[in-house]
Amino acid sequence: MSAGVLPAVGADREIAVFAREIRRRALRMTSRARSSHIGSAFSCADILAVLYGGLLRVRPQEPGWSGRDRFILSKGHAASALYAALSRRGFFPSEALEAYSGDGSIFCGHASSAVPGVDWSTGSLGHGLPVACGMALAAQLDHRDHRVVALLSDGELDEGSNWEAILFAGHHRLDRLTVIVDCNGLQSLAATEETLRLEPLAAKWQGFGWWVAECDGHDHASLRSVLETARHQSGKPSCILARTVKGRGVDFMENSVLWHYRSAQGAELDSAMTQLE
Amino acid sequence: MATRTRFEVKNGVATREAFGQALVELGRVNPDVVVCDADLSKSTFTAGFAKEFPDRFFQCGIAEANMVAIGSGLASGGKIPFVSSFSCFVMNKGFEQLRVTAAFPNVNLKVVGTHSGISIGEDGPSQMSIEDLSLACSLAGFTVLSPADEFSMRKLIRAAAAHQGPVFIRAGRIKAPIIYSAAEEFEIGKAKVLAQGSDVTLMATGLLVAESLLACDLLEAEGISTRVIDFATIKPLDREVIAAAASETGAIVVSEEHLADGGLGVRIAQVVAETAPCVMEFVGVRNTYAESGTPDGLLDKYGLRAVNIAGAARRAVSRKKK
């Protein structure tokens, strides 16, 4: 399967290949640049594979197409996974990723809209959802049918700005808006529940007037099914709590806070790459 | 200017009210103009827009920071959003959002801060914005406007909407003395020379433009030839008019209803240092917060009056002669 000629919704096998490619490319990028956040990239790799493997309406040859679905990676530190997904989808050749985080590169360590296909620059947590609300409001005002999807981390929900936006979106019935929370249960130094307790999280979103669904954030069929259902919600914004494992795909990275900041080098890199074959 | 008549204070409406009127007029001709409010639309005068264009008016609740980010999202969707609240709330609470969601992506967002300065009076220091110009100017790519009267406000609101990129506009609560006629035209980035003179230049913004004109009359009566310049655009500064005043008069007084640290004064001083260094004096709020009081009482107490500006001008002229 070549990039850019995906079916409208990729078959499970193709999505699995897509997700594995995201992980491999993200790992190569962060290891080469000796940069952080590979655990965060791995936890959302399957979500990005489902989105860019066919669910999002985008045109790789026309990144600014006005009818495109908007996507904001609010957890901008997982930029390596987003860039990898965009290259796999055909926005630019994978060789371009070699410049990641280097001098003069458009591929910043946190998501940059200088990269074709990135709708919004992020990195300071807590801003993706409020901006997505404004985008959804503009679409609603103009009776346009594109969707606005924001991918947040669970730890990011500590930021109060999200809760102002959650209140706003519920009140204004922004049904073009879908939030996916990458619930990997870990933030940079500890578990989310030890840092600032988030649960019961579904009840919180529901209480603010959102349609809420939970799913296994690594199960492609399940992700696709809830995203399709979310797309057809009327009169309510939708939130998907995707239960994930930080570092998913490499056994020694899974569920470990160490890999929020650690960069895989040498034998660790070789072992990780072998596991991702 | 030899032919200039004495400046008499004739109050027009407050610049916040002129903003509200201009917004409605803009809404009638430009369907892309939308407005966000943080539960203060009666005070900021965006209520008029809400009444005429309810579908293009969005209530964000008492959440100014969120309002800024919502506005950035609307701008990204092709709208021309005006987000407005008291200047101290939208600038201070919204600063991170202004930096990350508006300045950095250079979106077409218009931010209007009303109730600026200490002349809001009775409500006290928690509502007074005396650092908003400094904050706004520290946002890369922002245009910063601070009109002195209703006519300059109306024209500059239109100019802000036509300008592509983020703009901050400062407005005041109390009735503002009329400086201009309705026919006067304004261009972003161009200062207005209101009086010609060769001994000293009074530069000011907002309410202190009128005070500078009154100071000019005091100084001219003493034989000090005084130039007066209104800086309705704080950023980008009119470097040409500053350099000319510095080299031709050799003494400058900058006055603003703002902390003397970080406002128009220090910005002009930077241009003077880069072009034609000369003697400078500064009139502003000095490293303190004000308290509740009447607008007039506060402007007197904090030294933001014509007498204070004239005093600073005499000091500048005498320093120049040394």
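User: By class, which residues make up the lining of the largest cavity?

Analyst: First, the terms. On a 1 Å grid over the protein atoms alone, a cavity is a set of points where a 1.4 Å probe fits but cannot get out, and lining residues have an atom within 4 Å of a point. Ala, Val, Leu, Ile, Met, Phe, Trp, Tyr, Cys and Pro count as nonpolar, Asp, Glu, Lys and Arg as charged, and the others, Gly among them, as polar. In this structure the lining of the largest cavity has six nonpolar, six polar and three charged residues. This is a predicted model: local features need pLDDT of at least 70, side-chain atom pairs count only at pLDDT 80 or more, and totals for chains, interfaces and linings use all residues. Residues are numbered from 1 along each chain as its sequence is written, chains are lettered from A and ligands numbered from 1 in the order in which they are written, and side-chain values use heavy atoms, with hydrogens and water left out.

User: How many cavities of 30 Å³ or more are there, and what space lies in the largest?

Analyst: Grid points are joined across faces, edges and corners, and a volume is the space filled by probe spheres set on the points. The count comes to four cavities of 30 Å³ or more. The largest cavity holds about 130 Å³ of space. It is lined by 15 residues, and Thr15(B), Ser116(B), Gly172(B), Gly206(B) and Leu207(B) are the closest to its centre.

User: Where does the largest cavity lie with respect to the domains of chain B?

Analyst: Domain bounds come from an automatic or database domain assignment. Domain 1 (12-177) and domain 2 (192-321) of chain B both give residues to the lining, so the largest cavity lies between them.

User: Next, cysteines. How many disulfides does the structure hold?

Analyst: A disulfide is a pair of cysteine sulfur atoms within 2.5 Å. Over all chains, the structure holds zero disulfides. Take Cys183(A): its closest cysteine sulfur is in Cys239(A), 7.5 Å away, which is too far for a bond. Cys239(A) is likewise in no disulfide, with the sulfur of Cys183(A) as its nearest.

User: Are Cys183(A) and Cys239(A) buried or exposed?

Analyst: Buried means under 20% relative accessible area, exposed over 50%, partly exposed in between (1.4 Å probe, protein chains only). Cys183(A) has 6% relative accessibility, so it counts as buried. Cys239(A), at 0%, is buried too.

User: How do I check a helix against its expected span?

Analyst: Helices (H or I, at least four residues) and strands (E, at least two) are DSSP runs, numbered from the N terminus. The expected span is 1.5 Å times one less than the number of residues. Helix α4 (residues 64-76) of chain B has 13 residues and should span 18 Å; its end C-alpha atoms are 19 Å apart, which agrees. Helix α5 (residues 128-141) of chain A has 14 residues, an expected span of 20 Å, and end C-alpha atoms 20 Å apart.

User: How many residues of these helices are buried?

Analyst: In α4(B), 12 of the 13 residues are buried, so the helix is largely enclosed by the rest of the structure. Among them are Glu64(B), Asn66(B) and Met67(B). α5(A) is mostly covered, with 12 of its 14 residues buried; Cys133(A) and Met135(A) are among them. Helix α3 (residues 45-55) of chain A has 11 of its 11 residues buried, including Asp46(A) and Tyr52(A).

User: Which residues have a positive phi just after α4(B) and α5(A)?

Analyst: Just after α4(B), Gly78(B) takes a positive phi of about 95°. α5(A) is followed by His143(A), with a positive phi near 55°.

User: Where in the loops of chain A should I look for a positive phi?

Analyst: His37(A), not a glycine, has a positive phi of about 75°. It sits in the loop between α1 (12-33) and α2 (38-43) of chain A. At 13% relative accessible area, His37(A) is buried. Ser101(A), also not a glycine, has a positive phi of about 65°. Its place is the loop between α4 and α5 of chain A. Ser101(A) is partly exposed at 36%.

User: Which residues are joined by a cis peptide bond?

Analyst: Glu199(A) and Pro200(A) are joined by one, with omega about 0°. Pro200(A) is in the loop between α7 and α8 (201-207) of chain A. Another joins Lys235(B) and Pro236(B), again with omega about 0°. Pro236(B) lies in the loop between β12 (233-235) and α10 (239-249) of chain B.

Key:
1 Å grid on protein atoms, 1.4 Å probe; cavity = no way out; pocket = protein on both sides within 12 Å on 5 of 7 lines; lining within 4 Å.
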